[in-house]
Each structure stands twice: as C-alpha cells, then as structure tokens.
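Student: I would like to learn how to read cysteines and a ligand site from coordinates. Can we work through a case together?

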Amino acid sequence: MDHFLYRDGVLHAEDVPLPEIAAAVGTPFYLYSTATLTRHFRLFDEGLAGLDHLVCYAMKANSNQAVLKVLAEAGAGMDVVSGGEYLRAKAAGVPGEKIVFSGVGKTREEMALAIQGGIRQFNLESEPEMLLLSEVATSLGATVPVTIRVNPDVDAKTHAKIATGKSENKFGIPISRAREVYAQAAALPGLEVIGIDCHIGSQLTDLTPFAEAFDLVVSLTEALRADGHDIRRLDLGGGLGIPYERSNEAPPLPIEFCNLIKEKVGHLDVEVEIEPGRLIAGNAGLLVSKVIFVKEGEDRQFLILDAAMNDLIRPAMYDSYHEVIPVIEPAPGAEPATYDIVGPVCESGDTFAKRRAMAKVGAGDLVAFRSAGAYGAVMSSEYNSRPMVPEVLVHEHQFAVIRPRPTFDEMINRDIIPEWM
Ligand code: LLP
C-alpha cells in the first residue's frame with residue numbers, strides 16, 4: 001500500500017495534489033511520501049518484533065538526507081557502502097552505532113573515516129580486506145566489530161545484474177571456506193568477530209532462495225560456535241522484491257519474510273539485522289513528468305516525455321517495468337491508447353516502455369512513474385546536459401523540495417577551462 005491515490009480525479013501524494021507540486025517545482029521531479037516510507041519501515045520492524053533486531057535501511061536505494069531522517073526517526077539503522085554514504089548518514093543524524101558498513105572494496109580512507117566516526121560493524125568480504133581493516137584499526141588504537149559476508153552459492157532467481165549470491169559473483173567469501181577464514185580473522189588484532197553476513201541479491205520475488213541461504217547461515221553459526229567463535233549477530237541482508245507490475249506480480253510480503261527469519265534463526269539467540277532498501281523506498285516514490293509530444297511513428301505512437309533515461313535508468317539498464325499513470329484520472333470508459341514511452345535523450349535506449357497500454361494522454365499532460373523511489377534519483381545523471389532531477393518530499397498536506405534542480409549556470413559552471421586554454 002502507498003499514499004499515492006486519486007482524489008476527486010486528481011492524483012495526490014498524501015494530501016497534496018500533484019499538479020500543485022508540478023506548478024511549483026517544474027517537471028520532471030521525484031516525489032516521496034513520508035507516510036509510505038515510515039509504513040514500509042514499520043512492516044519490517046514490527047515483523048521482527050520478539051527478536052532482538054535492527055532494520056538497517058540500505059541507503060543506496062535512496063540516500064537523500066530527508067529520506068534518511070524520516071527513517072532514522074522511525075528507528076532505522078543504515079547500511080552504507082561508501083565513505084560518502086557513511087557521511088550522509090551521519091549528516092542526517094544517524095549515530096555511528098547504528099551504521100553497518102558493507103561493500104566489496106572499502107578503502108583505507110573509508111575504513112578510517114568510519115572507525116573515527118563510530119561504527120556498528122564492518123561486513124568484510126575478503127581476506128585482503130580483513131588484513132587491511134586489522135592494520136587500519138590497530139593504527140588507530142581501535143578494535144572494531146566485524147562480520148564476514150559469506151557467499152552461499154544460492155540462485156536468487158533475479159536479474160543477473162542484481163544477483164549477488166552465486167559463486168561467480170564478486171561478493172563475500174565462499175561459504176565452503178568460511179571456517180578457515182573465520183579462524184584467520186579471529187587471530188588478527190583490531191578485529192572482533194561477532195557474526196555472519198549474507199545478502200544474495202535484489203528484487204527477489206520468491207522466499208525459497210532466502211530460506212536456502214538462511215539454512216546455510218544457521219549451519220555455519222553452529223559450526224563456528226563449535227570452533228569457539230562467539231557468533232551473536234546475523235546480518236541477513238536485504239533483497240525482498242516489490243510489485244512493479246501490480247496487475248500481475250505479488251511478491252512475498254515483508255511479514256512473510258520476517259516470519260521466515262523467525263522460523264529459521266529464532267532459536268539461535270542472536271541479534272538479527274536486515275538491510276532492505278527497495279521495499280522501503282521503491283513504492284514510496286514517483287517520478288513525475290510531462291508529455292512533450294505525442295508523435296506518430298509508422299506503426300506506433302511515441303509518447304515523448306520530459307523525463308529521460310538520465311533521470312530513471314532502470315528500464316534502459318535492467319529492462320525493468322515501471323507503471324506509468326496519468327495524473328488526471330481517466331474517466332470511466334475513457335479511450336485507452338498504446339504507446340512507446342520515451343524520453344528526449346539521443347539514443348534508442350532512452351525507452352521506458354514499448355507497446356504500453358495506458359489511458360490516452362496528450363501534450364502538456366502530467367504522468368507519474370510508479371515504484372520509482374528506489375534506485376531512481378540515486379542513479380540519475382546529467383547525461384545530455386539535462387540538469388539533475390529534483391526531489392520533493394510530501395508530509396500530509398505539506399511538501400518541500402529536498403534537492404533542488406540546479407540552474408543551467410550551476411550545472412555548466414562546474415566545468416573548469418584550464419588556464420592554458
Ligand atoms: N545489502 C546489500 C549488501 C546490497 O548490496 C543491497 C543491494 C541491499 C542490501 C539492498 O537490496 P534491496 O533490499 O534494495 O533489494 N540498482 C539496482 C539494484 C541494486 C541493488 C544492489 N544491492 C536496481 O535498480 O534494481
């Protein structure tokens with residue numbers, strides 16, 4: 001459920017009509033609902049009630065500080081994957097003890113930054129990384145809590161570009177070598193081995209791969225405890241999928257995911273962390289755009305929007321589906337149309353949908369891409385010198401720009417012409 005509904009024939013975000021925001025901000029823009037963000041976080045937080053747990057929002061999905069603040073105030077921790085994300089989380093007021101540092105390629109500088117600013121744990125992904133963290137921590141006179149990310153070689157059955165739990169993927173250490181690597185980590189100064197981390201992929205629409213991975217993590221917990229490690233925290237990753245095409249997709253609900261966790265690890269007396277990103281932010285956001293032209297092709301109609309692949313790259317990158325709906329509700333029985341929905345960028349990859357049946361719209365009309373709150377704005381660029389798409393947050397009857405659209409001057413003046421020219 002989200003908070004984007006038609007009221008009196010006009011799409012609203014919570015209590016604000018979209019045309020009012022479009023008039024104030026211009027198009028295209030991203031729009032997020034505070035109530036939906038909070039609701040999605042609570043589904044996990046309440047779903048895990050009874051277990052000692054922390055929901056660490058994977059902020060790569062949407063890292064605007066206002067979004068982080070909404071979630072942090074609801075009680076979320078953060079999963080970060082770069083020094084930049086770490087500093088953003090801190091800037092949004094998240095304390096270090098609620099920040100988990102993931103990622104396969106943390107640098108010395110990023111490690112030092114997080115140790116000095118405070119960190120809940122590092123999720124380590126390789127032996128060289130273990131050695132480097134040990135060196136950095138000792139040089140700072142610190143001992144840091146760590147988990148080791150294991151790669152369970154489980155097929156997440158998702159898009160190849162976002163599957164992470166197969167042995168051919170770059171992530172984690174092979175689970176078959178875990179006991180050896182844990183022994184090595186335990187012997188290193190500056191590291192305190194406290195748990196296990198596992199994340200097998202994103203946009204999973206079936207619980208079976210999670211169940212397989214969790215079973216392997218449970219067996220590993222028992223084996224490592226028998227080896228003398230004090231395994232007291234399990235980070236079970238994120239990855240639960242969302243319905244992009246509502247009429248024909250029904251991925252498992254957060255409560256089912258949480259119940260699976262309880263069933264699998266409830267008896268272990270561990271603290272549980274999860275790292276959902278997409279499920280929290282995805283359906284809490286829209287990308288709002290305006291129709292520039294409807295163009296007649298030889299055998300099709302092109303709906304040319306003022307949003308493009310630089311603003312929302314997911315369809316071009318993963319062939320992903322985003323529902324596109326008109327902001328003015330079509331009258332019952334209104335004439336439908338079929339469009340190729342495209343942006344103005346100069347490549348054919350700038351196509352959001354092909355042969356898409358939707359309500360008929362015309363030049364100047366507003367449309368909204370659903371499910372755009374995760375991996376939308378964060379993956380945007382200024383390709384074709386199109387200024388970065390702005391972001392807006394709604395809270396009940398109020399809205400605020402939480403990242404402005406740069407002016408053309410601001411965009412252009414970042415370039416520096418060398419003195420010799
Ligand atoms: N934890 C780790 C270690 C991750 O790598 C990811 C996502 C998450 C948590 C959050 O997964 P989620 O709950 O959001 O599925 N740009 C792609 C998605 C990339 C996901 C990368 N890792 C997309 O637009 O579909």
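Student: How many disulfides does the structure hold?

Tutor: A disulfide is a covalent bond between the sulfur atoms of two cysteines. This is a predicted model, and it holds zero disulfides.

Student: Why is there no bond at Cys198?

Tutor: Look at the distance between sulfurs; a disulfide needs them within 2.5 Å. The closest cysteine sulfur to that of Cys198 belongs to Cys56 and is 15 Å away, so it is too far for a bond.

Student: And why is there none at Cys258?

Tutor: The reasoning is repeated with another distance. For the sulfur of Cys258, the closest cysteine sulfur is in Cys56, at 13 Å, which is too far for a bond.

Student: Is Cys198 buried or exposed? Is Cys258 buried or exposed?

Tutor: Cys198 has a relative accessible area of 3% and is buried. Cys258 is buried, at 0% relative accessibility.

Student: Now the ligand. Where does the ligand sit, and which residues are closest?

Tutor: The ligand sits in the largest pocket. Around the ligand are 18 residues, of which the closest are Ser202, Glu275, Arg278, Arg314 and Tyr375. By class, this shell has six nonpolar, six polar and six charged residues.

Student: Which side chains have polar atoms facing oxygen atoms of the ligand?

Tutor: Read the distances. Arg314 places a polar side-chain atom 2.6 Å from a ligand oxygen, and Tyr375 has one 2.6 Å from a ligand oxygen. For Lys60, an N or O atom of the side chain is 3.5 Å from an oxygen of the ligand. On its own the ligand has 590 Å² of accessible area, and the protein covers 92% of that.

Terms used: Residues numbered from 1 in each chain as written. Predicted model: local features only at pLDDT ≥ 70, side-chain atom pairs only at ≥ 80, totals over all residues. Heavy atoms only, no water. Buried < 20%, exposed > 50% of the residue type's maximum accessible area, 1.4 Å probe, protein only. Near = heavy atom within 4 Å. Polar contact = N/O pair within 3.5 Å; in protein donor to acceptor, adjacent residues only side chain to side chain. Areas by Shrake-Rupley, 256 points an atom, 1.4 Å probe, with all protein chains shown as cover. 1 Å grid on protein atoms, 1.4 Å probe; cavity = no way out; pocket = protein on both sides within 12 Å on 5 of 7 lines; lining within 4 Å. Sits in = over half its atoms within 2 Å of the grid points. Nonpolar A, V, L, I, M, F, W, Y, C, P; charged D, E, K, R; others polar.
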